[in-house]
Amino acid sequence: MTPKYKKSKLKAALSKLQDNHSKRQRATDLRDMQEAALAAGPKKASQPGGANGNTSAAALKAQKKAMSKLPPPPYYDYDTILLVGEANFSFAKSLALEVLNRGDIITATTLDTFTNMTEKYADAQENVKELEDAGATVMFEVDATKLSKIKSFKGKRFSKIVFNFPHAGAGIKDQDRNVVSNQKLMRSFFESATPFLTDTDLGDKKAGEIHVTVKTGLPYDLWNIKRLATGTGLLGNKTSFPFKPEQYPGYEHRRTIGFKEGVSQGDNVEIANKNPKTFVFVKKTAKEADMAQESATADIRKRKRAGEDVSDDEE
């Protein structure tokens with residue numbers, strides 16, 4: 001029989017080997033992406049996605065390799081997806097071309113005019129073209145806080161409404177005033193988006209979800225996203241999970257104010273160390289129905305353990 005102290009040493013050695021393997025793999029992935037950037041040339045490497053704003057094939061390959069090790073993104077080809085507050089449309093493009101392999105279920109929108117978008121983001125026009133070629137609907141001058149004003153949205157509902165890295169972009173230096181500005185934006189967005197969620201009470205197959213992704217740490221934690229959503233009286237908090245850019249090959253984060261040489265950083269450097277998180281909200285009625293179902297399921301299990309007969313209808 002193997003002595004306990006030897007088992008302990010073996011276990012520690014195995015753990016160390018696994019840890020070293022993970023570190024080597026991460027280093028390999030990083031090297032792949034660095035080599036891809038270098039292959040693009042000095043001029044291209046200094047700009048997001050190269051001189052023309054497009055991510056190189058080698059970089060995409062590295063991203064896909066990293067993506068294969070992560071859980072799949074929470075979006076499916078049977079969803080109907082509304083993206084608001086898109087910047088360079090790289091998230092929308094990744095969703096359509098890399099994640100779902102279809103664009104017809106995606107409506108991607110921005111508050112910018114077409115001209116403003118192209119001035120702020122060098123890669124946006126090409127991303128939009130690829131999105132439209134994939135069958136997606138792209139819309140400009142869409143205010144996420146006033147979705148009811150969009151005539152083409154009348155009578156429509158979406159299973160996923162997504163707002164990634166929202167920001168008022170007011171340029172307020174004072175942190176407290178900046179926080180209030182963004183809280184107003186988010187509260188108005190939640191009130192605006194909720195009526196456009198799919199609803200089983202209205203005959204839809206599934207209850208829709210609002211996904212909001214924000215950086216963590218100050219000042220973003222002060223926004224208190226969950227309280228803003230539930231404070232509307234319309235929404236309930238469903239879950240949250242880390243946002244991993246690697247899940248979306250070709251996605252490159254951009255600030256609301258645009259990409260500025262010497263100030264902004266390319267790829268996803270600006271969110272890499274911010275541990276971004278996606279919060280998921282559902283209509284309050286859907287949250288209450290889920291809680292009731294969970295309670296009923298727990299009660300049935302308890303009764304089964306107690307030896308009671310449970311009818312098929314109850315299950």
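In the predicted model, P219 lies in the loop between β5 and α8. The peptide bond that leads from L218 into P219 is cis, with omega near 0 degrees. The two elements on either side of this loop, β5 (209-214) and α8 (225-230), are both among those that give two or more residues to the largest nonpolar core.

Strand β5 is mostly covered, six of its six residues being buried. The burial extends to both faces of the strand: E209, H211 and T213 are buried on one side, and I210, V212 and V214 on the other. Two strands pair with β5. Strand β4 runs parallel to β5 and is joined to it by five bridges, with N164 standing opposite T213 of β5. Strand β7 runs antiparallel to β5, again through five bridges, and here I210 is placed opposite F281 of β7.

The largest nonpolar core comprises 30 residues, of which I161, M186, F189, F190, I210, V212 and I225 touch the most other members. The elements contributing two or more residues to this core are β1 (81-84), β4 (160-164), α7 (175-193), β5 (209-214), α8 (225-230) and β7 (277-283). Helix α7 makes the greatest contribution, with six residues. A second, separate core contains 27 residues, including I106, A136, Y251 and I271.

The surroundings of V212 illustrate the packing about β5. When neighbours within four places in sequence are left aside, V212 is in contact with F163, P166, M186, F189, F190, I225, K277, T278 and F279. Of these partners, M186, F189, F190 and I225 are also listed with V212 among the core residues that touch the most other members.

Helix α7 also contains Q183. With a relative accessible area of 19%, Q183 is classed as buried because this value falls under the 20% limit. A polar atom of the Q183 side chain lies 3.3 Å from the backbone oxygen of L222. Outside its neighbours within four places in sequence, Q183 is in contact with L222, W223 and L228.

Positive phi values occur at several residues other than glycine. F89, located in the loop between β1 and α4 (90-99), has a positive phi of about 65 degrees although it is not a glycine. The relative accessible area of F89 is 0%, so this residue is buried. F165 is found in the loop between β4 and α7, and its phi is likewise positive, near 50 degrees. F165 also counts as buried, at 11% relative accessibility. A further positive phi, near 60 degrees, belongs to N101, which follows α4.

Helix α4 itself is largely enclosed by the rest of the structure, because eight of its ten residues are buried. The buried positions are S90, F91, A92, K93, S94, L95, A96 and V99. This helix is thus bordered by the loop that holds F89 and is followed by N101.

Technical notes. Residues are numbered from 1 along each chain as its sequence is written. This is a predicted model: local features need pLDDT of at least 70, side-chain atom pairs count only at pLDDT 80 or more; totals for chains, interfaces and linings use all residues. Side-chain values use heavy atoms; hydrogens and water are left out. A nonpolar core is a set of buried Ala, Val, Leu, Ile, Met, Phe, Trp, Tyr and Cys residues joined through side-chain atoms within 4.5 Å. Buried means under 20% relative accessible area, exposed over 50%, partly exposed in between (1.4 Å probe, protein chains only). Helices (H or I, at least four residues) and strands (E, at least two) are DSSP runs, numbered from the N terminus. Contact means heavy atoms within 4.5 Å. A polar contact is a pair of N or O atoms within 3.5 Å; within protein, one must be able to donate a hydrogen and the other to accept it, and residues adjacent in sequence count only if both atoms are side-chain atoms. Two strands pair if DSSP finds at least two bridges between them.
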